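Me: I would like to understand how two packed helices can be described, taking one step at a time. Please show me the structure, and then let us begin.

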Amino acid sequence: MAAAVLSSCFSLPRNLKNLSLNSTCSASSSTPSAFRSLSFSSAVSHDVFNKGCLSMSIVKRPSGHSIVCEAAPQKKADSAEKRARQAEKKRIYNKARKSEIKTRMKKVLEALDDLRKKPDAQAEEVLSIEKLIGEAYSIIDKAVKVGTLHRNTGARRKSRLARRKKAVEIHHGWYTPAPATVIDST
């Protein structure tokens, strides 16, 4: 039954004449699951099948089930393949850099939270955190320079670290903001 359905609905281009379909299921089964485990082999263009250029789908019709197979060589142009390789390489590189930025920021923010919760904290303890902030700034600036981050995103992340540091310093009394002066224009 499966062979009859295949021969009635299967057609290939001329360059793929030697295609054979082998079913690994029993021939007595007429359900669509019998069509799912077909293996392909070809003497002429075996590489077309290895690269996944053959698509097969089961179509339900009122008269029964049919298998529709489409085989088409889908070779990309060399420049497109190169562009795809470059894009993948950049994606991995950018992902690593963004992960490093998040890690550095997380370390700084956790250190600042610990310092804020500490009741007997000293002003000198901020120096080690400032070193972490400097490293985070450096990584953010490099990411902006190479185009991994937008410049506004980099500025926003640096500002977030600076504001949190200033909030801790104000909380412990190590920094007192200057009062805003009103300039009279009359």
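Reply: Helix α5 (residues 126–146) and helix α6 (residues 151–172) pack with their axes 9 Å apart, at an angle of about 170°. Helices here are DSSP runs of H or I with at least four residues, numbered from the N terminus, and axes are lines fitted to C-alpha atoms over the stretch in contact, with angles running from 0 to 180 degrees between N-to-C directions. This is a predicted model, in which local features need pLDDT of at least 70, side-chain atom pairs count only at pLDDT 80 or more, and totals for chains, interfaces and linings use all residues. Residues are numbered from 1 along each chain as its sequence is written, and side-chain values use heavy atoms, leaving out hydrogens and water.

Me: How is α5 oriented relative to α6?

Reply: The angle between the two is about 170°. Because angles over 145 degrees count as roughly antiparallel, α5 is, relative to α6, roughly antiparallel.

Me: On which side or sides of α5 do the buried residues lie?

Reply: The buried residues (under 20% relative accessible area, with a 1.4 Å probe and protein chains only) are Val126, Ile129, Ile133, Ala136, Ile139, Ile140 and Ala143. They cover an arc of only 140° around the axis, taken from the directions from the helix axis to the C-beta atoms, so they lie on the same side of α5.

Me: Which helices do the buried residues of α5 pack against?

Reply: Contact means heavy atoms within 4.5 Å. By that criterion, the buried residues of α5 pack against α4 (78–117) and α6.

Notes
Parallel < 35°, antiparallel > 145°, perpendicular 65-115°, else oblique. Buried < 20%, exposed > 50% of the residue type's maximum accessible area, 1.4 Å probe, protein only.
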